[in-house]
Amino acid sequence: MNTFPAGFLWGAATSAYQVEGAVDDDGRAASIWDTFTAERGMDSGADACDHYHRWPADADLMAQLNLNAYRFSLAWPRIIPGGTGAVNRAGLAHYDRMVDGLLDRGITPLPTLYHWDLPQALQERGGWTDRATADAFAAYTDVCLDLLGDRIDTWLTVNEPWVVSVLGYRLGLHAPGEKDLRTSVLVGHHLLLAHGLATGRIRERHPTARVGIPLSLFPNYPATDDPADVAAAWASEGYTNRWFLDPVLRGNYPADTAELFERLIGPMDWVRPGDLDVIGNRPDLIGVNYYTRRRVTAAAQDELPWRVLPPQEGVPVTDSGWESVPDAFHELLVRLHRDYGVPVLITENGGVWNAEPDADGRVRDTGRVHALREHLRALSRAIDDGAQVLGYLHWSLLDNLEWAEGYAPRFGLVHVDRATQRRTVKDSARYYAAVIAANAVVDATDETEGRS
């Protein structure tokens with residue numbers, strides 16, 4: 001039986017725009033996602049899971065499932081509606097109550113300062129293309145520290161800067177919907193600068209608190225042993241992973257990826273003297289958001305010299321079509337330990353399985369049970385192989401808004417009925433509760449694997 005260290009954090013994760021709803025309540029202003037979804041007629045977070053009002057019952061549910069940690073995000077447009085300037089005391093009071101409520105239930109609060117919901121007021125002044133937004137983020141961090149610094153021992157800064165910069169500014173799939181490689185790289189730098197500035201504020205004011213940055217990490221594999229494919233995989237690794245890991249943990253951008261970018265977009269003259277010292281204020285941990293791997297082949301493209309391949313035949317996939325590869329999870333964690341020697345917290349791991357309640361009201365999400373068990377086994381093997389892992393947070397606690405994909409994909413341990421907001425504990429949540437109780441990977445039972 002694969003056991004885990006004493007004191008291991010077991011939890012689940014959400015983000016404000018995906019679960020809170022209440023977008024017009026208590027002085028909250030619009031975020032870029034409110035604007036983006038409205039302009040495109042998409043599903044929005046206007047009501048989401050109504051977690052803003054229902055958090056006490058949701059926290060009770062966490063305790064019933066044995067969770068001892070909860071990662072959530074603080075909504076910048078709820079706390080400082082204009083992005084800078086006046087603080088909204090009603091928004092602060094919400095998070096003040098919620099943190100106390102979590103602590104009362106024995107659940108460690110793990111707040112993320114930024115999970116993509118930039119105040120629209122800042123976007124209208126340039127958003128993340130404007131260096132001043134990083135300074136505004138530092139000031140916002142100070143406000144959050146004023147409120148919660150006495151009760152929070154682990155802070156997470158900027159969630160998945162790769163996703164923000166690539167999906168939001170290169171591919172146009174996420175807010176604010178821009179499509180330009182040069183702007184994407186510029187934005188990535190400002191996001192890392194914001195992380196570094198926030199890290200400095202946290203270290204200065206609460207030196208015993210831990211600080212980390214959650215990164216979306218995709219192990220990259222060549223499609224074949226052909227040297228061109230191997231080189232393409234290494235280049236893709238630089239694009240997705242090393243471009244963020246190296247400056248945060250080593251204080252410099254990887255030279256090969258910098259050379260590629262400068263060939264495509266010209267000089268990165270936005271990197272100022274001293275920036276990499278700020279960004280390279282080494283965090284106490286890296287948050288690992290792992291879902292799948294990337295298999296790539298060499299490709300002659302106008303921009304980037306690789307092509308990401310569809311799922312490999314015979315490899316299990318989620319209901320969203322992502323490969324489910326626990327061995328890649330193990331390898332990623334071992335490589336992080338080998339190459340960077342950094343403690344990690346699994347801040348997101350999961351997948352889409354769209355099981356609905358059966359006639360008896362039970363949600364038999366067998367695919368999620370199997371994937372969860374195998375990923376936890378891979379995690380245990382990585383710890384045995386030396387990886388420093390502080391805890392595991394499943395994405396997500398609740399079925400919620402999956403950004404531009406709307407409410408159709410279901411990532412949650414808990415089913416949420418869109419019409420009634422009724423919560424139904426899935427079989428995967430029962431299985432996870434059993435793992436936490438044992439602090440070990442356990443075999444699924446009839447009760448946790450959907451068998452009658």
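The second largest pocket of this predicted model has a volume of about 150 Å³. Its lining consists of Trp234, Glu237, Arg242, Leu245, Asp246, Arg250, Leu332, Arg335, Leu336, Asp339 and Tyr340. Two helices, H10 (227-250) and H13 (326-340), each supply at least two of these residues. H10 gives the most, with six residues. By class, the lining of the second largest pocket holds five nonpolar, no polar and six charged residues.

The largest pocket encloses about 1000 Å³ of space. Its lining counts 42 residues. Nearest the centre lie Trp162, Leu167, Phe218, Thr292 and Trp322. The elements giving two or more residues to this lining are helix H8 (161-169), strand S8 (294-298) and strand S9 (306-308). H8 gives the most, with four residues. The lining of the largest pocket divides into 23 nonpolar, nine polar and ten charged residues.

The table sets out the two pockets.

| Pocket | Volume | Lining by class | Element giving the most |
|---|---|---|---|
| Largest | about 1000 Å³ | 23 nonpolar, nine polar, ten charged | H8, four residues |
| Second largest | about 150 Å³ | five nonpolar, no polar, six charged | H10, six residues |

Next, helix packing. Two packed helices are described by the angle between their axes and the distance between the axes.

H8, which gives the most to the lining of the largest pocket, packs against H10, which gives the most to the lining of the second largest pocket, at an angle of about 130 degrees, with the axes 10 Å apart. H8 is therefore oblique to H10. Their crossing is right-handed. From H8, the residues in contact are Pro161, Trp162, Ser165 and Val166. They meet Tyr239, Thr240 and Phe244 of H10. This contact of H8 with H10 comprises five nonpolar, two polar and no charged residues. Trp162 thus appears twice: in the contact with H10 and among the residues nearest the centre of the largest pocket.

A further pair is H9 (residues 181-205) and H11 (residues 255-265). Their axes come within 10 Å and cross at roughly 140 degrees. That angle does not exceed the 145 degrees needed for roughly antiparallel, so H9 and H11 are oblique to each other. H9 passes H11 in a left-handed crossing. Leu181, Arg182 and Val185 in H9 touch Phe261, Leu264 and Ile265 in H11. The contact of H9 with H11 has five nonpolar, no polar and one charged residues.

Terms used:
Residues are numbered from 1 along each chain as its sequence is written. This is a predicted model: local features need pLDDT of at least 70, side-chain atom pairs count only at pLDDT 80 or more; totals for chains, interfaces and linings use all residues. Side-chain values use heavy atoms; hydrogens and water are left out. Axes are lines fitted to C-alpha atoms, for helices over the stretch in contact, and angles run from 0 to 180 degrees between N-to-C directions. Angles under 35 degrees count as roughly parallel, over 145 as roughly antiparallel, 65 to 115 as roughly perpendicular and the rest as oblique. A crossing is left-handed if the near helix is turned anticlockwise from the far one by less than a right angle, and right-handed if clockwise. Contact means heavy atoms within 4.5 Å. Ala, Val, Leu, Ile, Met, Phe, Trp, Tyr, Cys and Pro count as nonpolar, Asp, Glu, Lys and Arg as charged, and the others, Gly among them, as polar. On a 1 Å grid over the protein atoms alone, a cavity is a set of points where a 1.4 Å probe fits but cannot get out, and a pocket is an open set with protein on both sides within 12 Å along at least five of seven lines; lining residues have an atom within 4 Å of a point. Grid points are joined across faces, edges and corners, and a volume is the space filled by probe spheres set on the points.
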